Structures are given as C-alpha cells and as structure tokens.
Amino acid sequence: MSTANSLTADELGSTAQRERRKRILDATIALASEGGFDAVQMRAVAEQADVALGTLYRYFPSKIHLLVSALGREFEKADAGMRGKPIPGDTAAERVINILKLLSRGLQGDPHLTEALTRAFMFADSSAATEIHRVGMSMTSMLSHAIHPDMAEGAELSEDDVAITKVIGDVWLSALVGWVTGRSSAADTANQIEVAVKLLLRD
C-alpha cells in the first residue's frame, strides 16, 4: 500500500481538478453501491470516472485511500446537512443517539456501499492516517454539535468532550462492523449505540 496521501479538494488548484476528484469519488460510490468492496477496482473506477488510470493513482494511491476518502466525503456532507438545523432531543445523549440513528439508517439503506466503506476503514493502516483523521474530524464535528448545539462555530471542545466523541465514534463503528459482518442485526446495532451513549453522557 502506498504511503502517499489522497489529494483533497482544497489541495487541488483548478476547478477542473476538483471536478475530476468529484467524478472519481462519485464513481467509487456508484460501484460500491452496486457490488460492495470487491466491485471497487481501480481500473473500473477510472473508466467510470473517465480518467486515465495513472491520473486516478495520483489522486488516490490505493483502493483503501479511495474508499476511506469516499467515507469522509459522505460524513462531511452529513455534517454540513445538519448545520443550522435543530437536533431532536432534550438531552445531549438523546441528540447524539438521534444523529447516530440517522447515520445508521442511511448507511443500512445501502448495504453494499456500507460494506465497502466499513471494510475499507477496517483494513486501513497508517498509510491512510490522513484520510482516517478526516473521517474522525467529521464524526467529532457532528457529535459535538449534538452535545453542544449552541456552541459557537469554531469554538474549541474540552478534552473530555473530544475523548467522549472519540469513544462514541469507536463504539458506533464497532456496532456497524457487527452489522456488516452479520454478527448483529440493525436492532442490535441501535441498542449497542444507545447503551454506550447513555453511559457516557449521563446528565
């Protein structure tokens, strides 16, 4: 696996390059939705995105980088979609549970895509640390917004809040892995998340 990082939209200088990156990620999502992890082959992605294979590798050095970047983009879109909207729930725990249920339902509604993105995140090693960090930052942003809905944009979280969001994110991913691998049902996944969140965010 390559030690290079994926190119983010912010690192691309031209509109054409950013559009090319978007096409690549769109093709990745489409292929994963059709056939899961195994369907996402670099050559197939390049063909569907209408880019040369060499170009694809310059943007994303491996299949794992590509899929984890796609997961990050999905989380960023979800985070942006939640901004400025009230989150149901009278307590921090209720709001976090509602956000995670919303995310889970969205992913479980597209099982092939979820299998691909989750497996890529499971298989990722230190070479994809930057991509993994972006996923974690988006998750932290969503959860912190639920915990502190009135927090000013750009305000810093306390160390305890950062630690709590990381643990909740890890529990959520673990529950999702259980669902993807057939070890637990959607109901089991929701219950595991709810128990963990209530323990961590006791009022």
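**Helix contacts, ring pairs and a pocket**

A116 sits in helix α6. The model here is a predicted one, and A116 is a handy place to start looking around in it. With a relative accessibility of 0%, A116 counts as buried, because anything under 20% falls in that class. Leaving out residues up to four places away in sequence, A116 touches A32, G36, F37 and L67. Along the chain, A116 and G35 are 81 residues apart, yet their C-alpha atoms are separated by just 8.5 Å. A similar story holds for L31: this residue is 85 residues away from A116 in sequence, while the C-alpha to C-alpha distance is 9.6 Å.

L31 itself belongs to helix α1, which runs over residues 15-35. Its relative accessibility is 8%, so L31 also counts as buried. And what is L31 in contact with, once neighbours within four places in sequence are set aside? The list reads G36, A39, V40, A44, V45 and Q48.

F37, one of the residues touched by A116, leads on to the aromatic rings. The count for the model comes to two aromatic pairs. In one of them, F37 and F123 meet edge-to-face, with 5.5 Å from centre to centre and 80° between the planes. F37 is in the loop between α1 and α2 (42-49), whereas F123 is in helix α6, so this pair ties together parts of the chain that are 86 residues apart in sequence. Are these two rings buried or exposed? F37 is buried, at a relative accessible area of 13%, but F123 comes out as partly exposed, at 44% relative accessibility. The other pair is made by F75 and W172, with ring centres 5.7 Å apart and planes at 50°, so it is described as tilted. Here F75 comes from helix α4 and W172 from helix α8, so the pair links parts that are 97 residues apart in sequence. F75 and W172 are both buried.

Next comes the stretch with record annotations. An unreviewed UniProt entry places the feature "domain: HTH tetR-type" at residues 18-78. In the model, that span is 80% helix and 0% strand, and its end C-alpha atoms are 20 Å apart. The unreviewed entry also carries the annotation "DNA-binding region", covering residues 41-60. This span is 75% helix and 0% strand, and 12 Å separates its end C-alpha atoms.

D50 deserves a quick look too. This residue lies in the loop between α2 and α3 (53-59). Most residues other than glycine have a negative phi. D50, however, has a positive phi, near 60°. At 65% relative accessibility, D50 counts as exposed, because the cut-off for that class is over 50%.

Another loop residue is S126, found between α6 and α7. S126 is exposed as well, with a relative accessible area of 67%. How far apart in space are the C-alpha atoms of S126 and S104? They are separated by 26 Å, with the two positions 22 residues apart along the chain.

Then there's the empty space. Rolling a probe the size of a water molecule over the atoms shows where such space is left. The largest pocket in the model has a volume of about 700 Å³. Its lining is made up of 36 residues, and those nearest the centre are G136, M137, M139, T140 and S141. Which helices supply at least two residues each to this lining? They are α4 (63-82), α6 (111-123), α7 (129-147) and α8 (159-180). Of the contributors, α7 gives the most, with 10 residues. Sorted by class, the lining has 18 nonpolar, 13 polar and five charged residues.

Helix α7 is also home to S144. The relative accessibility of S144 is 6%, so this serine counts as buried. Apart from neighbours within four places in sequence, S144 is in contact with M151, L157 and T165.

Note on methods
Residues are numbered from 1 along each chain as its sequence is written. This is a predicted model: local features need pLDDT of at least 70, side-chain atom pairs count only at pLDDT 80 or more; totals for chains, interfaces and linings use all residues. Side-chain values use heavy atoms; hydrogens and water are left out. Helices (H or I, at least four residues) and strands (E, at least two) are DSSP runs, numbered from the N terminus. Buried means under 20% relative accessible area, exposed over 50%, partly exposed in between (1.4 Å probe, protein chains only). Contact means heavy atoms within 4.5 Å. On a 1 Å grid over the protein atoms alone, a cavity is a set of points where a 1.4 Å probe fits but cannot get out, and a pocket is an open set with protein on both sides within 12 Å along at least five of seven lines; lining residues have an atom within 4 Å of a point. Grid points are joined across faces, edges and corners, and a volume is the space filled by probe spheres set on the points. Ala, Val, Leu, Ile, Met, Phe, Trp, Tyr, Cys and Pro count as nonpolar, Asp, Glu, Lys and Arg as charged, and the others, Gly among them, as polar. UniProt positions are given in the numbering used here, feature names are shortened, and annotations may be inferred rather than shown by experiment. Rings of Phe, Tyr and Trp (its six-membered ring) pair if their centres lie within 6.5 Å; planes under 30 degrees apart count as stacked, over 60 as edge-to-face and the rest as tilted.
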